[in-house]
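Subject: The structure you asked about

Hi there,

Here is the structure I wanted to hand over to you. Please have a look at it first, and then read on for what turned up.

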Amino acid sequence: MFKKLIDGELSLKDTFWKFGVLGMIAVHLIVKIFGTMLYHKLRGLTILGYYTTRKYGLETSTVILTILYFSSLCFMLFYCGSILIGTWRSSAEYNRSLWLRHLARIFMILMIVVVLKMDLNL
């Protein structure tokens, strides 16, 4: 299924709506959940501040949440790239409307920029 997505063999409707919009919302929610849980564990400190100022050892749950948070961020970056490539190739095969082809590409780029801006605080 992933190979078909990357190669643009799925329909533009499936690629854009199922994997693009719904998939991006799901991945964004996962990143936000781990980020919120980690934020409450850090008690207002930044991640770097927490790990450099701890004098009495680290809590295991905080370390696990940090790993989960950064893993979810890495997965989100991978997913954004995969969806962008899949949408681009799928829209190239879309022959019904030139407007929809380009709108799908533009909206996918905008959605990825917005999600990255929200999750990475750029």
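One definition before the findings: the expected span of a helix is 1.5 Å times one less than its number of residues. With that in hand, take H5, which has 23 residues and runs 33 Å from its first C-alpha to its last, close to the 33 Å expected.

Please keep in mind that this is a predicted model. The average pLDDT of the chain is 88, and 96% of the residues score at least 70. Among the elements, the lowest mean pLDDT, 82, belongs to helix H3 (residues 47-53), while helix H4 (residues 60-92) has the highest, 92. As a general caution, predicted coordinates should not be read in detail where pLDDT is low.

Back to H5 and its neighbours

Which residues of H5 are buried? They are Arg101, Ala104, Arg105, Met108, Met111, Ile112, Val115, Leu116 and Asp119. The cover over these buried residues includes H2 and H4.

Val115, in helix H5, is a good one to click on. Its relative accessible area is 7%, so Val115 counts as buried, the cut-off being under 20%. Leaving aside neighbours within four places in sequence, Val115 is in contact with Met24, His28 and Met76. His40 is another matter: 75 residues from Val115 along the chain, with 22 Å between the two C-alpha atoms.

From the H4 side, have a look at Leu84, which sits in that helix. Is Leu84 buried or exposed? Neither label fits, because its relative accessibility is 30% and partly exposed covers what lies between 20% and 50%. Not counting residues up to four places away in sequence, Leu84 touches Met108, Ile109 and Ile112. Leu84 and Met108 are 24 residues apart in sequence, and their C-alpha atoms are 6.6 Å apart in space. Met108 and Ile112 are also among the buried residues of H5.

Ser72 is in helix H4 too. At 8% relative accessibility, Ser72 is buried. Its contacts, with neighbours within four places in sequence left aside, are Ile30, Val31 and Phe34.

A pocket to look at

The second largest pocket has a volume of about 190 Å³. What lines this pocket? The lining is made up of Leu12, Lys13, Phe16, Trp17, Tyr94, Leu100, Leu103, Ala104 and Phe107. Helix H2 (12-42) and helix H5 (98-120) each supply at least two of these residues. By type, the lining divides into eight nonpolar residues, no polar ones and one charged. Ala104 appears in this lining and also among the buried residues of H5.

Two more residues

Met1 lies in the segment before helix H1 (2-7). Met1 is exposed, with a relative accessible area of 64%. Even so, leaving aside neighbours within four places in sequence, Met1 is in contact with Leu10 and Phe19.

Gly49 is found in helix H3, the element with the lowest mean pLDDT. Gly49 has a relative accessible area of 18%, so it counts as buried, given that the cut-off is under 20%. Gly49 and Met118 are 69 residues apart in sequence, and 21 Å separates their C-alpha atoms in space.

Happy browsing, and best wishes!

Key
Residues are numbered from 1 along each chain as its sequence is written. This is a predicted model: local features need pLDDT of at least 70, side-chain atom pairs count only at pLDDT 80 or more; totals for chains, interfaces and linings use all residues. Side-chain values use heavy atoms; hydrogens and water are left out. pLDDT is the predictor's confidence in each residue, from 0 to 100. Helices (H or I, at least four residues) and strands (E, at least two) are DSSP runs, numbered from the N terminus. On a 1 Å grid over the protein atoms alone, a cavity is a set of points where a 1.4 Å probe fits but cannot get out, and a pocket is an open set with protein on both sides within 12 Å along at least five of seven lines; lining residues have an atom within 4 Å of a point. Grid points are joined across faces, edges and corners, and a volume is the space filled by probe spheres set on the points. Ala, Val, Leu, Ile, Met, Phe, Trp, Tyr, Cys and Pro count as nonpolar, Asp, Glu, Lys and Arg as charged, and the others, Gly among them, as polar. Buried means under 20% relative accessible area, exposed over 50%, partly exposed in between (1.4 Å probe, protein chains only). Contact means heavy atoms within 4.5 Å.
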